[in-house]
Amino acid sequence: MRLRNIPGSRDIIAASDFVIQDPEAYKGRWKTVFGKDHPIELEIGIGKGRFLMDLAQKHPERNYLGIEMYSSVLLRAIQKAEQRTAGLAAPLPVSAEERPKRPEGCNFRLLRFDATELPYLFEQGEIEKIYLNFSDPWPKDRHADRRLTSACFLKRYEQVLQPGHGIAFKTDNRDLFDFSLDQLKESGWELTFCSFDLHGTGNRSQAEKDGTGSDTGRIAEGMSAPGSGQPESDLIMTEYEEKFAAEGHPICMLEARIRGH
Ligand code: SAM
């Protein structure tokens, strides 16, 4: 998701108290941001941010950070946060003079940041879980390292996650999902949940034609296929998920953790 540059977006981001303006300064002391010693979970590539905000609302006993690299997209998430705070029916226009402030006790914050630099933000063990939802597929081979589930990114996650913790990843893109399973195996992660059609929305006739869809996916050789249980994560729909599932695309989901703890 990359929106056209929106005039005024940088000013709104710079003035928003939903946004951490100087995130590297909090490395090693993220809990001070929230003033509560609750576990911190992270979503990378929040888009318009509904998933993060629904999750934060459902879990007041946890804190959440949402990372998004494009200002134009982060602006949409700020507008959503403001809309929810003020109980408005629609997001405020960019030009609004008075913008709602972050409510007391708000347990999420937003960051404009490129996840490639993740280890500059967190000490080892500061993050308890990472959510990756409908991440950009970067289909060209030469861009494979930019995929958020590539071995390069898994290494970055290992540098910030608590031992024994891991990621939850959802996508409608079967090639990206298969790539992710391979990368997890090569990186020695443990697959704890895997589904190739999480909501049963796969279009059966299409699935029969192309061999995808339904819960009959290929698991990277040597990894077990724990597809029958329930994921540990809350099944909260993202904006992309809602759209793709409604169109009959199977949604793939996996959960995996760093092995050996
Ligand atoms: N998660 C949302 C959803 O499911 O509705 C949005 C999905 S959108 C396809 C992917 C988002 O990830 C985009 O907003 C993109 O800007 C962001 N993104 C991609 N790579 C990123 C990176 N390295 N760091 C931070 N954000 C990234």
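Trainee: How many helices and strands are there in the protein?

Mentor: The model under discussion is a predicted one. Its secondary structure comprises two kinds of element, helices and strands, and the protein has 8 helices and 7 strands.

Trainee: What percentage of the residues in the protein is buried?

Mentor: The protein exposes about 12,800 Å², of which carbon and sulfur atoms supply 46%. Contacts with a separation of 6 or more are mostly between distant parts of the chain, as residues 24 or more positions apart account for 77% of them. Of the 261 residues, the buried share is 49%.

Trainee: Which residues of helix α8 are buried, and on which side or sides of α8 do they lie?

Mentor: Helix α8 spans residues 239–246, and its buried residues are Glu241, Phe244 and Ala245. These cover an arc of only 100 degrees around the axis, and therefore lie on the same side of α8. In general, an α-helix has 3.6 residues a turn, so residues three or four places apart point the same way. The buried residues are thus Glu241, Phe244 and Ala245, and their place is the same side of α8.

Trainee: Which strand is included in what covers the buried residues of α8?

Mentor: The residues to be covered are Glu241, Phe244 and Ala245. Their cover includes residues from the strand that runs over 161–171, namely β5.

Trainee: Which backbone nitrogen atoms lie 3.3 Å and 3.0 Å from a polar atom of the side chain of Thr238?

Mentor: Thr238 is located in the loop between α7 (204–210) and α8. At the start of α8, a side-chain oxygen of Thr238 reaches to within 3.3 Å of a backbone nitrogen, that of Tyr240. A polar atom of the Thr238 side chain also lies 3.0 Å from the backbone nitrogen of Glu241. The two nitrogen atoms, at 3.3 Å and 3.0 Å, therefore belong to Tyr240 and Glu241.

Trainee: Is Thr238 buried or exposed?

Mentor: Leaving aside neighbours within four places in sequence, Thr238 is in contact with Arg50, Phe51, Asn133, Phe134 and Lys170. The relative accessible area of Thr238 is 6%. Buried means under 20%, so Thr238 counts as buried.

Trainee: Which of the residues around the ligand come nearest?

Mentor: Around the ligand there are 20 residues. Thr238, from the loop between α7 and α8, is one of the nearest. The full set that comes nearest is Gly45, Glu68, Ala115, Asn133 and Thr238.

Trainee: What percentage of the area that the ligand exposes when taken alone does the protein bury?

Mentor: A nitrogen atom of the ligand lies 2.8 Å from a backbone N or O atom of Gly45, and a nitrogen atom of the ligand lies 3.0 Å from a polar side-chain atom of Asp114. An oxygen atom of the ligand is 3.5 Å from a polar backbone atom of Glu239. Taken alone, the ligand exposes 610 Å², and the share that the protein buries is 97%.

Trainee: Which backbone oxygen lies 2.9 Å from a polar atom of the side chain of Ser150?

Mentor: Ser150 lies in the loop between β4 (127–133) and α5 (151–160) and is buried, with a relative accessible area of 1%. Beyond four places in sequence, Ser150 touches Ala144, Asp145, Phe179 and Gln183. The C-alpha atoms of Ser150 and Phe179 are separated by 7.9 Å, although these residues are 29 apart along the chain. The backbone oxygen at 2.9 Å from the Ser150 side chain is that of Arg147.

Trainee: What is phi of Phe134, and what is phi of Trp138?

Mentor: Phe134 lies in the loop between β4 and α5, as does Trp138. Phe134 is buried at a relative accessible area of 10%, whereas Trp138 is partly exposed at 26%. Most residues other than glycine have a negative phi. Both residues have a positive value: phi of Phe134 is near 55 degrees, and phi of Trp138 is near 40 degrees.

Trainee: Why does Cys252 form no bond with the closest cysteine sulfur?

Mentor: A search of the whole structure finds 0 disulfides. Cys252 is buried, at 2% relative accessibility. The closest cysteine sulfur is in Cys194, and it is too far from the sulfur of Cys252 for a bond because the distance is 7.7 Å.

Key. Residues numbered from 1 in each chain as written. Predicted model: local features only at pLDDT ≥ 70, side-chain atom pairs only at ≥ 80, totals over all residues. Heavy atoms only, no water. Buried < 20%, exposed > 50% of the residue type's maximum accessible area, 1.4 Å probe, protein only. Helix = DSSP H or I, 4+ residues; strand = E, 2+ residues; numbered from the N terminus. Arc of directions from axis to C-beta. Contact = heavy atoms within 4.5 Å. Polar contact = N/O pair within 3.5 Å; in protein donor to acceptor, adjacent residues only side chain to side chain. Areas by Shrake-Rupley, 256 points an atom, 1.4 Å probe, with all protein chains shown as cover. Near = heavy atom within 4 Å. Disulfide = S-S within 2.5 Å.
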